Amino acid sequence: LQTNVIAQAKTSLNSAWSSYQKSSSTVYAPISGTVSGLALQEGSVINSNASSQNSNISNTKIANVKTDATPIVSISLTEIDVPKVTIGDKATIMLDAYPDKTFTGKVVSIDTVGSITSGVSTYPTVIKLDTDTTTILPNMAVSANIIIERKNDVLQVPNSSIQQNTDGTNYVQVMKNNKLSNSNVEIGLSSDTQTEIVSGLSEGDVVVTA
């Protein structure tokens, strides 16, 4: 019984504190951190956007609050890509604002419910960066490569060099004795730019890439 009384007292205290914050002239931040990007100055008037019988609610942006948390980026996966990605997968992140920099991170959240826009399904995914950085600002455009499988010491060629036979098998053109010839190949993993060659080529072969 005493536990219930204490719980009710804590609930009442939290409710009273929340009401006090809403009615107080002092602005309280919902999280701890350092204020940045202050939008208002002393003497500025905040107009409430909505009101009720007991309180006024304002959506006016006052300031940004920077925390010590490691930055996160949000991307959207297609319905084809989302089954391949799992929590913990490593990723590289590129920003339009910094084309010469690449950041690393890992997948920490995948919204498997997703949303449909104009008949296209997308699944919001959150990537947490490995290190803190002050160069990334909110709402910057990002793109990410998520590593779903990794192999070491493989032979690879540019994707543009892979051709397909009429029977569905693959081949590449190689230069031997100043003559072009087709070499059937078995392919493995592939990325946006490179494809693994499992068999059919040897290291040092001259391959036609275009």
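# A walk through a predicted chain of strands

Let us start at one spot in the chain: Pro83 sits in the loop between β5 (72-78) and β6 (90-95). This is a predicted model, and in it Pro83 is exposed, with a relative accessible area of 64%. Thr112 is 29 residues away from Pro83 along the chain, and the C-alpha atoms of the two are separated by 9.2 Å.

From that loop, we can step back and look at the whole chain. The protein chain has 16 strands and one helix. Its C-alpha trace spans about 85 × 50 × 35 Å along the principal axes. For a compact globule of 210 residues, the radius of gyration would be near 17 Å, but this protein chain has 28 Å.

How much of the chain is buried? Of the 210 residues in the protein chain, buried ones make up 18%. The accessible surface comes to about 15600 Å², and carbon and sulfur atoms account for 49% of that surface. Contacts tell another part of the story. Among the contacts in the protein chain with a separation of 6 or more, 55% are between residues 24 or more positions apart.

Now for some individual places, beginning with Lys61. This lysine lies in the loop between β3 (56-57) and β4 (64-66). Lys61 is exposed, at a relative accessible area of 56%. Once its neighbours within four places in sequence are set aside, Lys61 is in contact with Ala39 and Leu40. Leu40 is 21 residues from Lys61 in sequence, while their C-alpha atoms are 8.5 Å apart in space.

Another lysine to look for is Lys101. Where does Lys101 lie with respect to Tyr98? Lys101 lies over the face of Tyr98, at 5.3 Å from the ring centre. As for rings paired with other rings, the structure holds zero aromatic pairs.

Further along is Ser121, which is found in strand β9. Ser121 counts as buried, because its relative accessibility is 14% and the cut-off for buried is under 20%. Leaving aside the neighbours within four places in sequence, what does Ser121 touch? The residues in contact with Ser121 are Leu77, Thr78, Glu79, Ser115 and Ile116.

Two asparagines deserve a stop for their backbone angles. Most residues other than glycine have a negative phi. Asn139, however, has a positive phi, near 70°. You will find Asn139 in the loop between β9 (120-129) and β10, where this asparagine is exposed, with a relative accessible area of 84%. Asn178 also has a positive phi, of about 65°, although it is not a glycine. The loop between β13 (170-176) and β14 (179-190) is the place of Asn178, and at 74% relative accessibility Asn178 counts as exposed.

Next comes a pair of charged side chains. How many salt bridges does the structure hold? There is one salt bridge in the structure. The partners are Lys151 and Glu196, whose closest N and O atoms are 3.5 Å apart. Lys151 lies in the loop between β10 (142-147) and β11 (155-158), and Glu196 lies in strand β15 (residues 194-199), so the pair ties together parts that are 45 residues apart in sequence. What of their surroundings? Glu196 is buried, with a relative accessible area of 9%, whereas Lys151 counts as partly exposed at 44% relative accessibility.

The last stop is Leu201, in the loop between β15 and β16 (206-207). Is Leu201 buried or exposed? Leu201 is buried, and its relative accessible area is 13%. Apart from its neighbours within four places in sequence, Leu201 is in contact with Leu155, Val157, Val172, Val174, Ser183, Val185 and Val207. Glu186 makes a useful landmark as well: Leu201 and Glu186 are 15 residues apart in sequence and 9.1 Å apart in space, C-alpha to C-alpha.

To look back over the tour, we began at Pro83, an exposed residue, and ended at Leu201, a buried one. On the way we passed the one salt bridge of the structure, formed by Lys151 with Glu196. We also met Asn139 and Asn178, each with a positive phi.

Definitions and conventions: Residues numbered from 1 in each chain as written. Predicted model: local features only at pLDDT ≥ 70, side-chain atom pairs only at ≥ 80, totals over all residues. Heavy atoms only, no water. Salt bridge = Lys/Arg side-chain N within 4 Å of Asp/Glu carboxyl O. Helix = DSSP H or I, 4+ residues; strand = E, 2+ residues; numbered from the N terminus. Buried < 20%, exposed > 50% of the residue type's maximum accessible area, 1.4 Å probe, protein only. Phe/Tyr/Trp six-rings, centres within 6.5 Å; stacked < 30°, edge-to-face > 60°. Lys NZ or Arg CZ within 6 Å of the ring centre and 35° of its normal. Rg over C-alpha atoms; globule rule 2.2 N^0.38 Å. Contact = heavy atoms within 4.5 Å. Areas by Shrake-Rupley, 256 points an atom, 1.4 Å probe, with all protein chains shown as cover.
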